[in-house]
Protein chains: 2
Amino acid sequence: MNYIKAFAPATVANVACGFDIFGFAIQEPGDTVEIRRRDEPGIVIADITGDEGRLPRSAEKNAVTVVMLHLLKHLGRTDFGCEVVLHKNMPLGSGMGSSAASAVAGVVALNELLGSPLSRKDLLPFAMEGERIASGSAHADNVGPSLLGGFVVIRSYTPLDIFSVPVPEDLYCTLVHPDIEINTKDARYILRNEVSLKNTIAQMGNVAGLVTGLMKSDYELISRSMVDVIIEPVRSILIPSFNEVKKAAIDNGALGCSISGSGPSMFALSRGIENATKAGEAMVRTFAEVGIDATMHLSGINDGGARVLESY
Amino acid sequence: MNYIKAFAPATVANVACGFDIFGFAIQEPGDTVEIRRRDEPGIVIADITGDEGRLPRSAEKNAVTVVMLHLLKHLGRTDFGCEVVLHKNMPLGSGMGSSAASAVAGVVALNELLGSPLSRKDLLPFAMEGERIASGSAHADNVGPSLLGGFVVIRSYTPLDIFSVPVPEDLYCTLVHPDIEINTKDARYILRNEVSLKNTIAQMGNVAGLVTGLMKSDYELISRSMVDVIIEPVRSILIPSFNEVKKAAIDNGALGCSISGSGPSMFALSRGIENATKAGEAMVRTFAEVGIDATMHLSGINDGGARVLESY
C-alpha cells in the first residue's frame, strides 16, 4: 500500500455533566488526512486545506504529524517516510474536537499504511499526545470518541481506562457553532480548582443519571441529567447569549443543551431528527438576534469512529 | 385489617464512589415492625426489642413513630390509632442503614394497614424524615433501597429524583460489622466541604464506571470503579485496620471493598457466593487480629425491598 485517506469525526466532549470524562462522536463534519508513502524517511506536510493558513506547516510542530512521528518512533519505524495532506473541515478552537479529529485521522491513516500493527484502542495514547500539543493537556474526551465512535467514558487517566456506553437509536445531536473563538487553554484557566462537596454530589448524580438514561433509552432521565453545576456556570460567560440559546433549544424540543467541549460551540441532544432540527434552528436564530452568525450541524451519534476512506 | 407485620432490609449506602447518591439493599438482616389498630387515636410504642433499651419509647421522639405520625397527618387520618412493636435486628450506628430500615418498615406497615393509599415511591419522603431525626439530614441512600430494593441512585434531592440500576445476578455482598460504634453525625462532620476538581473528575469517572459495569454485568469494570477518592480517605481513619481489612477482602476475591454508609461496617462486593464468603472471612479475621469482634452478613442484592410479612 502506498496511499491512505482517513476520516475522523467531530466530537462533543463533556456532554453537560461529564467534564473530562464524557464525549461522543457525530457523523459529520470531520477532518480528512491523506498520506502517501515516499522514499526518503521522515514525515513532511505537503498541504493543509481549510485552516486559512493558521496551522504550522512544519511536521515537528503540527499536532497531526507530531502524533504520527510518535507512532513511528514507538514502532521503531524511523526508516519510514510519507507525505501528509490535512483537510480541515471544521473551524479551529470551535469546541468541536477539531484538533482531535485531525490527530485521530493522522494516526489511523498511518497505522493502516503500516499494515495495522496497533489496535484502535492502542492508538489512543498517541492521539492524546496531539491534544497535549493543541491544548496543553492530554485529554481523551475528544480523541476517544473520534477514534472509537459512540458515547465514550474515560473512567481514569492513570491508568487510562476508557469504555463505551450504548445510546438510544433515536438520539440526535445538534451542534451549533457561533462565529466567535475561545482558546481551549483560556477556557480551562478560568475554572476553579475546588468544587463544593454539594456540587460534587449533584454532578455525580447527573453522571449516574445520564449513563443510566442512555443505557435504558430513558429520554426523560437523559433530559433531567443533562445538568452541569460545575463547569457550565463558569464557561458559559464566554459565550454571548448562552442562556438564551440554551433556553431556545430546550423550548424547541431538545432534551438538554450545553457547551460542546470548551466552547464556543453549543450542542443539544434530542429525541428524533425533527426535534433536533427545530432545536438547532432556534439556537441559530437566537445567536442571530445578537448579531452572531452560527453554523448548525445535525447528526446521529457516530457509531464507528474514524474510518479509512480510500487505500491503494 | 387490624394487624400488619412488615420487614425492611439493611442497606449499604455510598457504595464506594457514590457518596449520598448510591445505595443497595441486602436480603438479611432487616428490622421488623408490628402495628396493631387500637380504638383511641394516636400512636403508642408498645415494645422495642433488640436495642438494649437505647431508642426513645415516646412516639414523638422515636424515628419510626415520627414518620408514621407524619404519614397520618399527610393523609388527614389523625383519628387513626395503633400500637407499635419494633424489632431491631441490627446494631444502631452500624452503617447498615439501621434507622432507615426501622422507619421504612414502619411506613410500609402503616400504609398497608390504611389500605395502601400511597405508592411505594410516594412513601419515600416520609421515610426520609426518619433519617433527619436519626442522623440530622434527610438523606435517601438508605431509605431508598430499603423501601424499593435493588441498587438505587438518588440523582437529585431537590426535586427528589430516584431510580434503579439493574445488577448482575451473580453479585454478592459481604457486610462486616466490627463491634465499635461511629456516630453518623460525627462521620459527616469530619468531611471537608470542598473537593479538588481533580478528585471530582476521578469520582465522576468511577460513578459512570460503576453504573455501566452493573448494567453490562462487567465485573472487571465494577471492580476498577469501586474507588472512592473523596470520602473514604477521610472516614476510614475512624475504622481501626481499615486498609488491612480492605486489602484482605480484595486479596481473597472481592471485586472491591469500602465503608458501608458512614461506617463502621465495611462491605465487599464479589462475583459469586464463594468469593463473597472467602472475602468476608478474611475481613473478620483481619479485625480479630487487632482484637475487634466482627459479625459477617452474606447476601445477594435484595430486589424487592421492604415487604409485608403478615396481616389480618
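In the predicted model, His177(A) is located in strand S7, which spans residues 171-178 of chain A. With a relative accessibility of 9%, His177(A) falls below the 20% limit and therefore counts as buried. When neighbours within four places in sequence are set aside, the residues in contact with His177(A) are Pro91(A), Ser94(A), Met96(A), Pro264(A), Ser265(A), Asp293(A), Ala294(A) and Thr295(A). Pro91(A), Ser94(A) and Met96(A) also appear in the UniProt record, where an unreviewed entry lists them under "binding site".

The "binding site" annotation in that unreviewed UniProt entry comprises Pro91(A), Leu92(A), Gly93(A), Ser94(A), Gly95(A), Met96(A), Gly97(A), Ser98(A), Ser99(A), Ala100(A) and Ala101(A). Of these positions, Met96(A) is placed in the loop between S4 and H2 of chain A, and its relative accessible area of 0% makes Met96(A) buried. Beyond residues up to four places away in sequence, Met96(A) touches Ala10(A), Thr11(A), Pro29(A), Met90(A), Pro91(A), Leu175(A), His177(A), Ser260(A), Ser265(A) and His297(A). Gly95(A) is likewise found in the loop that runs between strand S4 (81-87) and helix H2 (98-113) of chain A, and Gly95(A) is classed as buried because its relative accessibility is 15%. Outside the neighbours within four places in sequence, Gly95(A) is in contact with Thr11(A), Ser260(A), Gly261(A), Gly263(A) and Ser265(A). Thr11(A), Ser260(A) and Ser265(A) are thus contacted by Gly95(A) as well as by Met96(A).

Two domain features are also given for chain A by UniProt in unreviewed entries. The feature "domain: GHMP kinase N-terminal" is placed at residues 64-150 of chain A, a span that is 56% helix and 8% strand and whose end C-alpha atoms lie 22 Å apart. The feature "domain: GHMP kinase C-terminal" is placed at residues 213-286 of chain A; over these residues the chain is 53% helix and 16% strand, with 29 Å between the end C-alpha atoms.

Helix packing was examined for H1 and H3 in each chain. In chain A, the axes of helix H1 (residues 63-74) and helix H3 (residues 120-135) come within 8 Å and cross at roughly 140 degrees, and H1(A) and H3(A) are therefore oblique to each other. Their crossing is right-handed. On the H1(A) side the contact involves Ala63(A), Val66(A), Val67(A), His70(A), Leu71(A) and His74(A), which meet Leu123(A), Phe126(A), Ala127(A), Glu129(A), Gly130(A) and Ile133(A) of H3(A). Classified by residue type, this contact of H1(A) with H3(A) contains eight nonpolar, three polar and one charged residues.

In chain B, helix H1 (residues 63-74) and helix H3 (residues 120-135) pack at an angle of about 140 degrees, their axes being 8 Å apart, which makes H1(B) oblique to H3(B). H1(B) passes H3(B) in a right-handed crossing. Among the residues making this contact are Val66(B), His70(B) and Leu71(B) of H1(B), together with Phe126(B), Glu129(B) and Ile133(B) of H3(B). By class, the contact of H1(B) with H3(B) consists of eight nonpolar, three polar and one charged residues.

A further position considered was Val211(A), which lies in helix H6 (residues 197-216) of chain A and, with a relative accessible area of 0%, is buried. Neighbours within four places in sequence aside, Val211(A) is in contact with Phe22(A) and Val165(A) of chain A and with Ala208(B), Val211(B) and Thr212(B) of chain B. Along the chain, Val211(A) and Gly261(A) are 50 residues apart, and their C-alpha atoms are separated by 18 Å.

Methods. Residues are numbered from 1 along each chain as its sequence is written. Chains are lettered from A and ligands numbered from 1 in the order in which they are written. This is a predicted model: local features need pLDDT of at least 70, side-chain atom pairs count only at pLDDT 80 or more; totals for chains, interfaces and linings use all residues. Side-chain values use heavy atoms; hydrogens and water are left out. Axes are lines fitted to C-alpha atoms, for helices over the stretch in contact, and angles run from 0 to 180 degrees between N-to-C directions. Helices (H or I, at least four residues) and strands (E, at least two) are DSSP runs, numbered from the N terminus. Angles under 35 degrees count as roughly parallel, over 145 as roughly antiparallel, 65 to 115 as roughly perpendicular and the rest as oblique. A crossing is left-handed if the near helix is turned anticlockwise from the far one by less than a right angle, and right-handed if clockwise. Contact means heavy atoms within 4.5 Å. Ala, Val, Leu, Ile, Met, Phe, Trp, Tyr, Cys and Pro count as nonpolar, Asp, Glu, Lys and Arg as charged, and the others, Gly among them, as polar. UniProt positions are given in the numbering used here, feature names are shortened, and annotations may be inferred rather than shown by experiment. Buried means under 20% relative accessible area, exposed over 50%, partly exposed in between (1.4 Å probe, protein chains only).
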